[in-house]
Amino acid sequence: MKLPSSYLPDKARSAVRFTVVGTTGMFVQTWLFMAALHFLSHPDKGTAMYYVAFGIGYVLEMIPNYLFSNWYTFGTRPELKNAGGFLLARAVNVIIQFALLPLMLNWLSSWRDDYISFVVIFIGGCINYLICLLFFKKKEPQTQITE
């Protein structure tokens with residue numbers, strides 16, 4: 001059985017699949033963030049607690065995201081090059097997310113915490129996709145020259 005995304009052109013296919021994996025990861029990360037925030041709850045909710053909770057969600061969600069990015073999104077196998085590229089993309093992503101988090105907490109202060117995390121994760125995810133495109137490339141099959 002073919003997946004619906006199989007009928008799309010290659011460039012669109014990886015973007016759609018990245019969105020599926022990323023959206024799933026966003027919900028997992030947000031759930032882990034909210035769970036960590038609950039367990040770390042303190043009467044004085046300081047920004048540091050949000051960073052710790054956000055970091056817990058980010059790290060725990062990263063492993064399945066890497067595997068699904070390989071197999072499903074880009075049709076590649078886990079290897080050192082794309083693992084390094086994935087970690088680089090995630091490092092840039094976490095810097096963006098951690099920089100955006102306090103801005104969004106102040107700017108969207110009337111929103112619920114989990115809604116704010118969705119915005120932050122979405123913005124970081126768009127940038128993450130562009131970086132991942134550089135490292136997750138299918139190897140072209142080598143053609144044999146016949147005489």
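Let me start at a single residue: helix H2 is followed by Gly75, whose phi angle is positive, near 65°. Please keep in mind throughout that what we have here is a predicted model.

From there I would like to step back to the whole chain. How many helices and how many strands does the protein chain have? There are four helices and zero strands, and if we read along the sequence, the pattern is accordingly written α-α-α-α. Of the 147 residues of the chain, 38% count as buried. When we take the contacts with a separation of 6 or more, residues 24 or more positions apart account for 68% of them. As for the surface, the chain exposes about 9,600 Å², and carbon and sulfur atoms supply 69% of that area.

Now back to H2, which covers residues 47-74. This helix has a kink of about 35° at Met62, and the kink lies shortly before a proline, Pro64.

Helix H3, residues 80-107, can be treated in a similar way. At 1.5 Å a residue, its 28 residues should span 40 Å, and the C-alpha atoms at its ends are 39 Å apart, so the expected and the computed values agree. H3 nevertheless bends by about 30° at Leu101, with the proline Pro102 following within four residues. The buried residues of H3 include Gly85, Phe86, Ala89, Asn93, Ile96, Leu100 and Met104, and polar or charged names such as Asn82, Arg90 and Gln97 are on that list as well. As a reminder for reading such a list, an α-helix has 3.6 residues a turn, so residues three or four places apart point the same way.

Arg90 deserves a closer look. Which residue forms a salt bridge with Arg90? The partner is Glu61, and the closest N and O atoms of the pair are 2.8 Å apart. Glu61 lies in helix H2 and Arg90 in helix H3, so the pair ties together parts that are 29 residues apart in sequence. Both residues are buried, Glu61 as well as Arg90, and the structure holds one salt bridge, which is the one I have just described.

Arg90 also leads us to the last helix, H4, which runs over residues 113-135. Asn128 has its place in H4, and, leaving aside neighbours within four places in sequence, Asn128 is in contact with Phe18, Ala89, Arg90 and Asn93. Is Asn128 buried or exposed? With a relative accessible area of 4%, Asn128 is buried, because the cut-off for that label is under 20%. The C-alpha atoms of Asn128 and Asn93 are 5.9 Å apart in space, although the two residues are 35 residues apart in sequence.

The next residue to consider is Tyr129, also found in H4, and buried as well, with a relative accessible area of 13%. Where are its contacts, once neighbours within four places in sequence are left aside? Tyr129 is in contact with Lys11, Ser14, Ala15, Phe18 and Phe74. Phe18 is therefore a contact of Tyr129 and of Asn128, and the C-alpha atoms of Tyr129 and Phe18, 111 residues apart along the chain, are separated by 7.2 Å.

Other residues of H4 have more of their area accessible to solvent probes. Let me put that more exactly: Ile127, found in H4, counts as partly exposed at 33% relative accessibility, and Tyr115, whose place is in H4 too, counts as partly exposed at 40%. The C-alpha atoms of Tyr115 and Thr30 are separated by 8.9 Å, and the two residues lie 85 residues apart along the chain.

Ile127 brings me to my last point, a nonpolar surface patch of about 400 Å², made by Leu88, Val92, Phe122, Ile123 and Ile127. Which helix supplies the largest share of this patch? It is H4, with three residues, while H3 and H4 each supply at least two.

Technical notes. Residues numbered from 1 in each chain as written. Predicted model: local features only at pLDDT ≥ 70, side-chain atom pairs only at ≥ 80, totals over all residues. Heavy atoms only, no water. Buried < 20%, exposed > 50% of the residue type's maximum accessible area, 1.4 Å probe, protein only. Contact = heavy atoms within 4.5 Å. Patch = residues over 30% accessible without salt bridge, like charges linked within 9 Å, V, L, I, M, F, W, Y side chains within 5 Å. Areas by Shrake-Rupley, 256 points an atom, 1.4 Å probe, with all protein chains shown as cover. Salt bridge = Lys/Arg side-chain N within 4 Å of Asp/Glu carboxyl O. Expected span 1.5 Å × (residues − 1). Bend = angle between axes of the 7 residues up to and from the residue.
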